[in-house]
Amino acid sequence: MRKMGIVELISAVVLLGGLCAESKYMVYNTSARIDAGKINVHLVPHTHDDVGWLKTVDQYYVGSNNSIQGACVQNALDSLVPALLADKNRKFIYVEQAFFQRWWRDQSELTQSIIKKLVSSGQLEFINGGMCMHDEAVPHYIDMIDQTTLGHRFLKEEFGVTPRIGWQIDPFGHSAVQAYLLGAEVGFDSVFFARIDYQDRIKRKKEKSLEVIWRGSKSLGSSAQIFAGAFPEHYEPPPGFYFEVNADSPVVQDNVDLFDYNVQDRVNDFVAAAIAQANLTRTNHIMWTMGTDFKYQYAHTWFRNMDKLIHYVNKDGRVNALYSTPSIYTDAKYATSKSWPLKIDDYFPYADRANAYWTGYYTSRPALKFYVRIMSGYYLAARQLEFFKGRSDSRPNTDALADALAIAQHHDAVTGTEKQHVANDYAKRLSIGYTEAEKVVASSLACLTDSKSSIGCEDSTTNLQQCPLLNITYCPASETNLSHGKNLIVVIYNSLGWKREDVVRFPVVNEDVAVRDSKGRKIESQLVPIVDAYVDLRNYYARAYLGSIPNVVPKFWLAFTVSVPALGFSTYTISTSKKPGAGSTKSSIFKFQMGEKPAIEVGEGDLKLTISASPRKIINYVNNRNLVEESVDQSFSFYTGYNGAKDKVPQNSGAYIFRPNGTYPIKAEQASVTVIKGPLIHEVHQQINTWIFQTTRLYKEKEHIEVEFIVGPVPIDDGFGKEVATQITTSLESNKTFYTDSNGRDFVKRIRDFRTDWDLEVNQPVAGNYYPITLGIYIQDKEKEFSVLVDRSLAGSSVVDGQIELMLHRRLLLDDSRGVAEALNETICVLDDCRGLAVQGKYYYRIDSLGEGAKWRRSFGQEIYSPLLLAFTEEDGDNWMSSHTPTFSGIDASYSLPDNVALITLQELEDGKVLLRLAHLYEIGEDSVLSVMSRVELKKLFPGKKIAKVTEMSLSANQEREEMEKKRLVWEVEGENQNPKVARGSQVDPKELEVELAPMEIRTFVIQFEVDLITAAAFKRIVDA
Ligand SMILES: [Zn+2]
């Protein structure tokens, strides 16, 4: 309607103007293809649609809440259809599947069939193809794989297509894992992005090395390399070629009957911009990214102007302009048979100008980051249990959690760079997804524990409850009063592929309790007092989350050592102890004033810490097994957030950017420490100040230190935002060198104040040396290595030799001018009473002889990612163990995965087939024993089932691996005659069914079973009964 109106209006104006021009319909020639003799300007129409940022994903989709940002993805996709149909040469790429799927579900069959034609003709191409454009610094690689798989499999099923280009145009720096794993291993031939360090960019422009062959993995080398292109500026068009309906670039006015005819000017501008860009890049192909955030809401304005530009520029003839896509561009680059500069490692950290390091977001919103991580591990376990029980098409299932987790990997989600209401939306989605997955887990465990009865699983009456709020010491299921003869049954599930011994703990209200294992044997247990800091946290947060304070406050954590089979569970019984003193051991409590005793020793096992009183709190760390000894000083400090208001180039510290303005040590205000000792656990409690509480914990059977912190509410009443860090200082001579992981996978070497790719000009000695930590960080010298592992993504560094620093929490009062327009000031409210958010978390450290740390980092890293899953129920009487299955393993009881292999996906697909991913955990040369080819016996992974067919797939499981390898472009690296050979596991023999895995290799399979023998057996039991 409005369009007609405009046309009428223009006609009226023309008539009034008295120009009696004859109407002439202009046909633009947009058919240009590549011209080998000219500079080819590939116009790539695109929109960048953030899956949540200033608005929630749904608000962006429907176009609501427009006072924040006028953005409506529905409009873009709607207007694209007629625009593409109007000219078959026009092209468009679409990226974010979270939006596309929302839109797709809303379309008529007719529109869907039109879209399918546009896709098969290549006019509409899906690029990247995950649910979102995930961040590359803070997501865990398993989440990156899962969210990409979700999008890729949808595209395969609906359209039969497999995206071949990575499009990470906005994430804030780029990871090695993105290049080799989420790039080459999903079958991408290239990856494009905009954000690299401003100093790096200057050099690459000068050397024409914006486009490279990127080998992200030392272990997989050239077998997983990818063509990677950094844009010369950003992911927008060159200035002046920006044609959104309300944009201020001059439109191409080619009607001679109207004023302001500008064809020659626009052609000249175009040619000038093209030549300028061609001077920065190799070959005669350049890409113009025609679009930016939430554009093409009225697609016609873009295409009308691009039609004209292609027509007139090509008529001019100096350069060749064409509608293109990144695939066409990549193929054109490849066809030139050039060799390219080699890039290794990654593009972190990222600064877009001096004093603007995007290293703050590695820690921003640490509670959301933890929520995402804990849900990720839970989702992995829930899918295993869903498979063991048998997936049902009806709900509950794990799909909602999959979707929520996928969206949460977006580069303004888990990053913490979204507005507060959007962060709340991500958390809400995770909570809804969890609630449904929790039912799957409960019913599967009930089914598996009930399987002694001959009826199927559906009728299980066992009500197993879980404790998602255990981290605030709140677990109603375990806080049941056992004094009237009730027993508490705890079913403990282990999602790792090997048997596991670990200490579990949960709050209990009774003091005289005894713990028995699956065989009814009493086992050692310890009661650890719940101190005030935890009670306060529990009461406030339970009230904030649930609206009420729990009546009874438990006084103790009950802790005991459990042994749980691979992919299986064990069951433990908690009951009141008949004889006093025969149950759990109460911890002894000692309170010391600093200086009262020269030293306090803790540690029941091989590992011992001696804490000396003065002058500062120095810890002596001794491991009596391997005789490693080291002095450790652990402390806290905060940085105040910089306020750039008075500067010529203002730059505050904010959600994205870490710009400290001075560092301030936090001195322990209380000079006392409390020591808790018992048979399993020793703890040292320190109230550092009114808003930091710390527990240093040693387990009798473990050789690492666990540090649990509560940081917050961070005070801001002095008017300064604060970024709270902890430093763990050793005497290691680490010589400016430290190692940080890439998305929880490969470790990358870092050197302080140094970059491999250019001569670094240091303007931020702290922020510019910060790196993302997803799994851990370590340093080493000639004798020892010192490793720290984390429970969520955060920022870390080694700013001083021998020291590792972790940024634990950030509370800021200013915005950092990157669009979010809010200060990162998280609060938690009970009614109108709001406090700064307190963050509780853990990190773990250990010191080994040189060359011996990898085993712990890898194995224990898996344990952190996949904590034991606890489910509780009560029973009257004492016959649980005899009436239920007390222990279970989903794999052959005699089997366990090799120490160097993890099972990262076990999932039943909609069609009953099973998706299996196995990951080698070590890099080449990382461990003297474990960095070798490994083997997994598939037959033993699926006892009771007969494997009919094993198909190896690409990492995102959207095509057969073989097919992917056949299509792969083989790029050449400058100075190399041929790509170096890399070891990889050989093809799986259909009879042997053994999977080989080379260091760092991840292999993905779809497995089909001959007959479901378990179901058949269950059926037989029913018939026999
Ligand atoms: Zn973005």
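1. Start with Pro713. This proline lies in the loop between β29 (705-711) and β30 (722-729). The model is a predicted one. In it, the peptide bond that joins Gly712 and Pro713 is cis. Its omega is about -5°.

2. A cis bond also runs from Arg395 to Pro396. Here omega is near 5°. Look for Pro396 between two helices: it sits in the loop that separates α12 (366-389) from α13 (399-408).

3. Next, the backbone at Tyr296. Its phi is positive, about 70°, although Tyr296 is not a glycine. The residue belongs to the loop between β8 (285-290) and α10 (299-316). Is Tyr296 buried or exposed? Its relative accessibility is 0%, so Tyr296 counts as buried.

4. Leu627 also deserves a look. It is not a glycine, yet it has a positive phi of about 60°. Two strands flank its loop: β23 (618-623) and β24 (628-641). Leu627 is exposed, because its relative accessible area is 69% and the cut-off for exposed is over 50%.

5. Now the disulfides. How many does a search of the whole structure find? The search finds 2. In general terms, such a link is a covalent bond between the sulfur atoms of two cysteines.

6. One disulfide pairs Cys467 with Cys475. The sulfur atoms are 2.0 Å apart. The link is right-handed, with 65° about the S-S bond. Both Cys467 and Cys475 are buried.

7. The other pair to inspect is Cys829 and Cys834, joined by a disulfide with an S to S distance of 1.9 Å. The torsion about this S-S bond is about 105°, so the disulfide is right-handed. What is the exposure of its two ends? Cys829 has 31% relative accessibility and therefore counts as partly exposed. Cys834, at 41%, counts as partly exposed too.

8. Cys72 is in no disulfide. The nearest cysteine sulfur belongs to Cys132 and is 20 Å away. Cys72 counts as buried because its relative accessibility is 7%, and the cut-off for buried is under 20%.

9. Why does the sulfur of Cys132 make no bond with the closest cysteine sulfur? That closest sulfur is in Cys72, 20 Å away, which is too far for a bond. Cys132 is buried, with a relative accessible area of 2%.

10. Turn to the interior. The largest nonpolar core holds 253 residues. Which of them touch the most other members? The answer is Tyr845 and Leu918.

11. Follow Leu918 outward, leaving aside residues up to four places away in sequence. Its contacts include the leucines Leu897, Leu903, Leu938, Leu941 and Leu997. Val901, Val936 and Val995 are also among them, as are Ala902 and Ile1002. Leu918 touches Glu1001 and Arg1003 as well.

12. There is also a second, separate core of 23 residues. Its members include Cys467, Leu488, Val508 and Val564. Cys467 thus appears twice in this note: it is a member of this second core, and it forms a disulfide with Cys475.

Terms used:
Residues numbered from 1 in each chain as written. Predicted model: local features only at pLDDT ≥ 70, side-chain atom pairs only at ≥ 80, totals over all residues. Heavy atoms only, no water. Core = buried A, V, L, I, M, F, W, Y, C linked by side-chain atoms within 4.5 Å. Buried < 20%, exposed > 50% of the residue type's maximum accessible area, 1.4 Å probe, protein only. Contact = heavy atoms within 4.5 Å. Disulfide = S-S within 2.5 Å. Helix = DSSP H or I, 4+ residues; strand = E, 2+ residues; numbered from the N terminus.
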